[in-house]
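This report describes the fold, the helix packing and the aromatic pairs of one protein chain. Single residues follow at the end.

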Amino acid sequence: MARPRAFDEKQVLNAVREQFWNAGYAATSLEDLMRVSGLGKGSLYAAFGDKRQLFLRALRSYTDDIHGQLREALAAAPRAVDALRMLLEAPIGDPTGTGTGTRRGCLMANSTCELGNADPEVLAHAHRTYETSTALIGDCVARAQREGDLPAGADPIELARALLAAQQGIVFMGRTGLDTATLTATARSLAAQLLPDHSGD
């Protein structure tokens, strides 16, 4: 009878995910993965497979968490248009106060840039991720239309794609080292153009 694993799989995946997020795929060594996970090579590979499989598992856990957080954030706002505006400013927040949160960007976007041309599975996962994000944002756009805050004739999915592209652009700008004030001003300018106030129409 096999012995139960003596480690928390989610905890290990989170630690590994942070390593890949901070350093990237190519720059992360087996020694790095062993160090952050606290597991030996045999235990690590027996549980998760090789480095690539471990990376894909970590990437999937990241996007699952992101989509869960997105659903909660969009649903929690009293008015949908406020949730959409907050979406544009979300990449700017850095709870550490050190700038590292903004500088390291989005793990999915980083991984697509690094591996998308060479790894079809990463590219396919990126496509699924952005389609799911677009659908979630599109549902929120439709809610804002029902609430009278956005034009009823706009295509929710088209606007959702524009909002997602704008948000990802802010994420990328944050990676270049732009200060918080500039990023915030940019996000608010985009919100004013993409989400004009129609409440008084």
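Two residues are in contact when they have heavy atoms within 4.5 Å. The model is predicted, so local features need a pLDDT of at least 70 and side-chain atom pairs count only at pLDDT 80 or more, while totals for chains, interfaces and linings use all residues. Residues are numbered from 1 along each chain as its sequence is written, and side-chain values use heavy atoms, with hydrogens and water left out.

**Confidence and overall build**

The predictor's confidence in each residue is its pLDDT, from 0 to 100. The chain has an average pLDDT of 89, and 90% of the residues score at least 70. Helices (H or I, at least four residues) and strands (E, at least two) are DSSP runs, numbered from the N terminus. Among the elements, helix α8 (residues 120-146) has the highest mean pLDDT, 96, and helix α6 (residues 100-103) the lowest, 58. The pLDDT is below 50 over residues 95-100, a stretch that has three contacts in the model beyond near neighbours in sequence.

The secondary structure consists of 10 helices and zero strands. Along the principal axes, the C-alpha atoms fill a box of roughly 65 × 40 × 30 Å. A residue is called buried under 20% relative accessible area, exposed over 50% and partly exposed in between (1.4 Å probe, protein chains only). Of the 201 residues, 42% count as buried. Among contacts between residues at least 6 apart in sequence, 68% join residues at least 24 apart.

**Helix α4 and its partners**

The expected span of a helix is 1.5 Å times one less than its number of residues. For the 26 residues of α4 this gives 38 Å, which agrees with the 37 Å between its end C-alpha atoms. The buried residues of α4 include K51, L54, F55, L59, Y62, H67 and L74. Which helices do the buried residues of α4 pack against? Their partners are α1 (9-23), α2 (30-37), α3 (41-48), α5 (80-89), α7 and α8.

Two packed helices are described by the angle between their axes and the distance between the axes. Here, axes are lines fitted to C-alpha atoms, for helices over the stretch in contact, and angles run from 0 to 180 degrees between N-to-C directions. The axes of α4 (residues 51-76) and α7 (residues 107-115) come within 10 Å and cross at roughly 145°. At this contact, α4 contributes F55, L59, Y62 and T63, and α7 contributes L107, M108, S111 and L115. By class, the contact has six nonpolar, two polar and no charged residues; Ala, Val, Leu, Ile, Met, Phe, Trp, Tyr, Cys and Pro count as nonpolar, Asp, Glu, Lys and Arg as charged, and the others, Gly among them, as polar.

**Aromatic pairs**

Rings of Phe, Tyr and Trp (its six-membered ring) pair if their centres lie within 6.5 Å; planes under 30 degrees apart count as stacked, over 60 as edge-to-face and the rest as tilted. By this rule there are four aromatic pairs. One of them joins W21 and Y62, which meet edge-to-face, with 5.1 Å from centre to centre and 75° between the planes. The pair links distant parts of the chain, with W21 in helix α1 and Y62 in helix α4, 41 residues apart. W21 counts as buried because its relative accessibility is 16%, and Y62 counts as buried at 7%.

Another pair is formed by Y25 and F55: their ring centres are 5.0 Å apart and the planes stand at 65°, so the pair is edge-to-face. It too links distant parts of the chain, since Y25 lies in the loop between α1 and α2 and F55 in helix α4, 30 residues apart. Both Y25 and F55 are buried. F20, Y25 and F55 form one aromatic cluster.

**Single residues**

The relative accessible areas of three further residues are listed below.

| Residue | Relative accessible area | Class |
|---|---|---|
| Q19 | 12% | buried |
| T184 | 15% | buried |
| A152 | 68% | exposed |

Q19 lies in helix α1. Leaving aside neighbours within four places in sequence, Q19 is in contact with G24, T28, D32, L33, R35 and V36. T184 belongs to helix α10 (residues 180-194). With neighbours within four places in sequence again left aside, T184 is in contact with E89 and I92. A152 sits in the loop between α8 and α9 (156-175). The C-alpha atoms of A152 and V141 are separated by 9.8 Å, and the two residues are 11 residues apart along the chain.
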